[in-house]
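Welcome, and please open your viewer with a cartoon view and side chains ready to switch on. We will go from stop to stop, with a selection to make at each one.

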Amino acid sequence: LRVGVASAADMAAVLRFEGKPAEVVLIEIQSLAQMEDGSKLSGQVLGVLEAKGNAVTLTNGPRTLYGKMQDLPKPLVLMERTGRSEPYKGDPSRQTAVLKAHGIIRRKAIFGQRPQLSV
């Protein structure tokens, strides 16, 4: 007897896109990113991302990062827990989590150098 342990057969999730999924780019920075005023990075604008072919730049004020665009071997889905659930296949005794999908990630921008300062 296992108490409180759900097997994979007992769990389910529903993933929903509302409209056409957005194309999202994953950003990989090989250095330390921090705000000049010491505030948290979460929710801040990192800069303007521009892609021309496989070359990509991320510009924030006078600083520019140069990198390259790379296809991911397998696409990823950016999703969020909604906190909602619904009956699994119409069975109210079994619930399934409802997830909201924000977009599909097929490529990533890789920045492996320090930013260049333009004066």
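Which residues lie nearest the centre of the largest pocket? Before selecting them, keep in mind that this is a predicted model.

**Stop 1: the pocket**

Select Leu32, Ala33, Gln34, Arg63 and Pro115: these lie nearest the centre of the largest pocket, whose lining has 18 residues. Its volume is about 590 Å³. Now colour β4 and β5, the elements that give two or more residues to this lining. With three residues, β5 gives the most. If you colour the lining by class, you should find 10 nonpolar, five polar and three charged residues.

**Stop 2: Gln34**

Stay with one of those central residues, Gln34, and look at the backbone around it: Gln34 sits in the loop between β2 (22-29) and β3 (48-52). Is Gln34 buried or exposed? Gln34 counts as exposed because its relative accessibility is 61%, and the cut-off for exposed is over 50%. For a sense of scale, draw a distance from the C-alpha atom of Gln34 to that of Ala97; the separation is 35 Å, for two residues 63 apart along the chain.

**Stop 3: the nonpolar core**

Next, select Val56, Leu58, Leu65, Met69, Ala109 and Phe111, the six residues of the largest nonpolar core. Three strands, β4 (55-60), β5 (63-88) and β6 (91-111), each supply at least two of its residues. In soluble globular proteins, nonpolar side chains tend to be buried together.

Centre the view on Val56 and show its surroundings. Beyond its neighbours within four places in sequence, Val56 is in contact with ten residues you can pick out by name: Leu49, Glu50, Ala51, Leu65, Tyr66, Gly67, Lys68, Met69, Ala109 and Phe111.

**Stop 4: Thr57**

Move along to Thr57, in strand β4. Thr57 counts as buried because its relative accessibility is 18%, with the cut-off for buried at under 20%. Leaving out neighbours within four places in sequence, the contacts of Thr57 include Val48, Thr64 and Phe111.

**Stop 5: Lys108**

Finally, select Lys108, in strand β6. Is this lysine, Lys108, buried or exposed? Lys108 is buried, since its relative accessible area is 16%. Show the side chain of Glu28 as well: a polar contact of 3.0 Å joins it to the side chain of Lys108. Add Val25, Leu26, Lys68, Met69, Gln70 and Leu72 to the display, and you have other residues that Lys108 touches, not counting those up to four places away in sequence.

How values were computed
Residues numbered from 1 in each chain as written. Predicted model: local features only at pLDDT ≥ 70, side-chain atom pairs only at ≥ 80, totals over all residues. Heavy atoms only, no water. Core = buried A, V, L, I, M, F, W, Y, C linked by side-chain atoms within 4.5 Å. Buried < 20%, exposed > 50% of the residue type's maximum accessible area, 1.4 Å probe, protein only. Helix = DSSP H or I, 4+ residues; strand = E, 2+ residues; numbered from the N terminus. Contact = heavy atoms within 4.5 Å. 1 Å grid on protein atoms, 1.4 Å probe; cavity = no way out; pocket = protein on both sides within 12 Å on 5 of 7 lines; lining within 4 Å. Points joined across faces, edges and corners; volume = space filled by probe spheres on them. Nonpolar A, V, L, I, M, F, W, Y, C, P; charged D, E, K, R; others polar. Polar contact = N/O pair within 3.5 Å; in protein donor to acceptor, adjacent residues only side chain to side chain.
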